[in-house]
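Here are a few exercises to work through with the model open in your viewer. Try each task before you read its solution.

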Amino acid sequence: LYVAVELLHGAYYLDFEKYFGSRDKSTLRIHAPQKFSEHSEHATWLTVLDKSAFEKRGLELPLNLPVGINEGGNKDIEDRFFVNIPRNKTIANHILAKENFLEVIDYDDDGRSWLPLPAIRDPIESIRLNEEWWGQKHDFIALPYIPFFSNCDGYDSHVFLGRLLEDHPDCLSVPLNKVESTNEFSFTRKEPYSDRCQDLILQCTYEEEIRGSSEKFRWFEASSGSNLFHITRDAVTIAAFVPSNEVEDWGRTMFLDKMRNSYDLIPVSIGDEMGGFLNAIPRVVELELKYYQISSGTKRLVEAAIYFHDLCTTQKQDYFGGSAKILDDMKERDILPCESDINGAIKSDNYELIIQYYPLGWFDLLNRFEFGGPVYFFFYTAIGLTICLIGGSVYGINRLLTKFRHPPPFQGWQLVALVSRPQIEGVILAVIPYMVVVSTIHTLFRHDGVLQFDSLHKNWMGSGSIGDDEEVENAMGRMGSAFLVLGSYITLKGSSSIIIGDETSKNDHVVAKRAHFIWASLCLQAMILCLLEFSYSDSYKNDIYRYVVMFKFGQIAFDVILSHVIRDKLLIAPLLVLIQMSEILVTIGARDFVEFTLSFLVKISLIVVQRLFIYPFIHTILTLLPRWNLLARHSFGRKALTRKEKKQREARWKKVNENIELQTEGVEPLVDSITIYSVEKTGGILLPFMCLFLMLLYRETEIAMNYNINQHELLYYGTFAFYMIIWTCIVDTFVLSSQEVLYGWRVYDYLSYTRWRFSNRENRWNLLGKFDESLSYSFQSIDLLCFSSQYYFILALLTLGFGSNIFAITICLRRKYNFLADPVFPIIAFVVILCCEVVTVLCKYLANTSVPAICWRGIWQVSRVQSTMDDMIAAKLAVGEGRQEDLEQERQELLALNSETFRHNFVEKNRPWILQHLVELITPRTLQGVGADERPLADYLRGVYSNLMNTSTATKCAGDR
């Protein structure tokens with residue numbers, strides 16, 4: 001083998017003479033990647049370029065692509081070898097430099113070596129390529145070097161990843177036997193000890209014509225967030241890189257093709273802080289590579305990004321003939337003209353390429369979802385145990401400090417089963433048909449769906465041909481309009497289901513009430529849209545805990561306002577569920593996953609404080625406000641009053657006090673507390689399905705994109721929300737039990753009673769029944785639904801409808817789509833409504849069908865045996881119907897309802913109302929009758945009245961819980 005060495009530049013004469021003048025041999029060094037994978041020899045990370053990405057963004061191809069000349073003399077893809085002529089010999093031959101075989105011929109002011117040789121730029125005609133270079137066979141290529149950086153010290157046109165990261169003299173190269181990897185099951189804040197390149201600077205030169213414009217965007221003109229290329233997540237072997245058959249080519253194998261559009265490729269995008277601009281170049285370009293040191297010899301790339309710094313405009317100064325408008329625009333962006341010579345021309349084409357290459361620690365890897373499923377399962381469990389500890393501590397403190405002589409016992413899992421079953425049943429009954437319709441809409445109206453309107457413009461004024469990008473944008477906008485129709489349909493159907501007129505109600509009154517409810521929901525949806533847009537900002541991410549607290553108090557204020565405006569808790573509940581779900585959803589906008597979980601802990605703590613103290617405190621203030629108002633009027637009003645005015649004042653005072661006594665001692669505070677609990681729980685159950693919805697419409701809504709969360713990561717947020725449902729049920733049990741020992745509310749007894757009422761209802765849809773007029777008007781509708789599965793069904797369904805409207809408007813805003821101007825919108829509306837009607841008919845059929853073979857008896861069937869609770873339980877015992885747990889639960893409910901303590905306490909709690917309305921229940925005709933003890937009814941009523949007046953709770957009766 002003969003090797004000829006030729007001197008090409010006179011500046012190297014002294015070194016050439018010193019090295020080759022006294023010896024007839026040299027050193028040939030072959031570098032192969034060794035530290036990317038311990039399982040595969042010479043495996044390395046590869047960069048991947050996709051033809052469609054360049055066409056979509058209008059980017060110019062890199063000037064360092066593998067170019068060869070085929071037999072016809074045309075440019076083709078080089079697939080044999082590369083020849084580079086590095087201009088920094090100390091980097092290219094650092095082993096020889098360390099052995100003092102080379103001399104440094106000059107120094108800068110800081111004593112650093114440099115070569116006073118200008119960079120040799122390849123002729124632009126020889127390296128500039130067009131789309132024909134891709135050929136007809138493949139539309140992608142994988143490279144072992146970094147594209148775009150085409151002329152750098154020590155590497156020339158090809159900066160190979162393996163050689164740069166493993167072999168550069170300024171990088172820390174840790175021997176394999178001394179590498180400290182990150183164990184996913186070993187929690188530690190210590191950073192792994194592994195290879196790193198911190199502030200590694202390469203002197204590079206633009207080979208692009210930076211002094212002029214180009215037909216397409218060049219890489220340094222790409223806007224922030226643009227993906228320039230991809231890097232493989234794991235190292236790729238030589239066998240996967242070279243072709244194995246005639247169909248494959250060098251860097252274009254089937255194995256590499258399968259990686260495209262998957263999470264096996266890491267995007268290399270321009271940082272959000274500063275992107276590129278036309279007529280501007282960055283003087284400093286930073287490439288950041290973060291990796292996971294899995295084992296001593298295996299690395300996995302986690303993140304990659306490019307940042308532009310020190311931008312300057314290529315426009316000449318105005319006195320050299322530059323554009324004043326462009327210069328003013330650049331000045332507004334703090335971009336000044338590049339350094340120029342006396343003729344106004346740019347003095348230098350050089351820029352610095354800074355390499356940041358380092359391993360990530362345990363917490364950083366956890367935030368980026370690099371660990372396996374068991375790690376996150378244990379992490380979720382730790383969060384669940386923490387919130388249970390919060391709830392258990394609160395109950396323990398209240399149990400120790402209770403003022404009641406005989407506090408109720410802790411029901412535990414019985415209470416969990418009592419409250420959770422209707423919640424889960426109702427939400428599932430709402431979610432299943434909703435997801436069926438959503439899946440159908442997505443299948444019909446997506447870009448490659450069944451119904452395609454590619455040839456139709458999105459407005460009546462459109463003309464000309466429609467490009468591929470415009471087709472995709474139109475399809476996304478039309479999908480948004482479809483979901484808007486779906487949300488409107490659900491809202492109309494849901495409002496007609498919860499606002500039902502009776503025989504005495506006027507139709508106009510019912511219509512007006514529905515209209516007010518829909519208008520309130522639209523106003524709330526607009527506010528939620530503003531909240532979503534704000535959650536994308538850095539201000540929200542940097543101070544998320546403060547905003548979580550602010551949003552929670554905002555929800556409380558909104559609840560108080562709606563209570564006075566709508567005055568029906570059943571109509572307020574779905575609006576509050578939407579707020580609750582939105583509050584949890586925007587916490588995804590936290591900077592990382594750990595911060596998201598911490599904000600979740602803050603939210604749970606606020607919910608506990610809110611339900612135990614804040615809401616009762618606000619209810620007390622609102623209840624006593626009329627009394628304080630009267631006292632203020634008495635204090636500052638006229639002192640001298642007539643006898644008639646004094647009598648009227650005393651009557652008002654008496655009425656106000658009676659109303660206060662009814663509101664404080666009646667069942668209203670308990671119902672209000674359970675309503676707040678149901679709202680928060682429904683929002684938490686719906687959150688996983690909203691995450692699933694965002695995954696399905698990831699590109700259309702761009703909500704997760706704005707949070708810098710990909711579809712894969714969104715799955716972890718959804719599983720976290722789903723897993724937390726179990727733990728929040730336990731926390732809710734502690735909170736409800738705390739309310740029993742803190743305020744004396746019989747939560748378990750009331751919920752048992754509502755369950756019995758729902759089981760023995762007369763109408764299939766319970767809102768068709770009669771209201772309990774002993775309650776305040778605000779609570780009559782919600783009490784009639786008995787906090788049953790029907791109640792949670794209508795809450796979930798309306799919230800899903802509201803959420804569909806919000807996501808639909810978000811899609812339309814992102815795509816700049818006006819559904820009213822689209823000629824296809826009537827067709828879309830017809831198809832969506834038809835789909836909804838078909839699903840509705842199918843659901844009604846399934847609800848009315850009974851299939852004994854699979855134990856399916858339909859949904860919400862009314863019991864045909866109308867009898868007492870004792871008779872129903874006896875019948876079940878006789879035929880062995882139902883599970884043993886259910887029978888035991890009903891026995892306990894029966895004992896609670898039939899106990900003397902329950903009846904005694906019921907009369908005591910409702911005594912003011914009974915005394916107030918006793919006169920209204922008695923008419924002259926009834927007084928002529930005979931009482932239960934066969935005495936005249938008047939004498940019997942006097943005895944009842946006396947017993948009511950003498951009722952006391954000082955004694956403890958048998959059967960007390």
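pLDDT is the predictor's confidence in each residue, on a scale from 0 to 100, and a contact means heavy atoms within 4.5 Å. What you have here is a predicted model, where local features need pLDDT of at least 70, side-chain atom pairs count only at pLDDT 80 or more, and totals for chains, interfaces and linings use all residues. Residues are numbered from 1 along each chain as its sequence is written, and side-chain values use heavy atoms, with hydrogens and water left out.

**Exercise 1.** Work out how confident the predictor is, and find where pLDDT stays under 50.

Solution. Start with the average: the chain has a mean pLDDT of 84, and 85% of its residues reach 70 or more. Next, look for the weak stretches. One of them is residues 112–116, with pLDDT under 50 and 15 contacts beyond four places in sequence in the model. Residues 872–883 also stay under 50, and there the model has 13 such contacts.

**Exercise 2.** Describe the environment of Ser226: is Ser226 buried or exposed?

Solution. First, place the residue: Ser226 sits in the loop between β7 (197–205) and β8 (227–232); strands are DSSP runs of E, at least two residues, and helices are runs of H or I, at least four, numbered from the N terminus. Second, check the accessibility (buried is under 20% relative accessible area, exposed over 50%, partly exposed in between, with a 1.4 Å probe and protein chains only). Ser226 counts as buried because its relative accessibility is 11%. Third, list the neighbours: leaving out residues up to four places away in sequence, Ser226 touches Arg57, Val268, Ser269 and Ile270. Finally, take Ile270: 44 residues separate it from Ser226 in sequence, yet their C-alpha atoms are 5.5 Å apart.

**Exercise 3.** Which elements give two or more residues to the lining of the largest cavity?

Solution. Set the rule: on a 1 Å grid over the protein atoms alone, a cavity is a set of points where a 1.4 Å probe fits but cannot get out, and lining residues have an atom within 4 Å of a point. Now size it up: the largest cavity holds about 290 Å³ of space, the volume being that filled by probe spheres set on the points, which are joined across faces, edges and corners. Its lining has 23 residues, with Ile604, Ile607, Glu680, Gly684 and Thr728 nearest the centre. The elements you want are α17 (569–586), α18 (593–636), α20 (668–696) and α23 (711–743). Of these, α23 gives the most, 8 residues.

Definitions and conventions. On a 1 Å grid over the protein atoms alone, a cavity is a set of points where a 1.4 Å probe fits but cannot get out, and a pocket is an open set with protein on both sides within 12 Å along at least five of seven lines; lining residues have an atom within 4 Å of a point.
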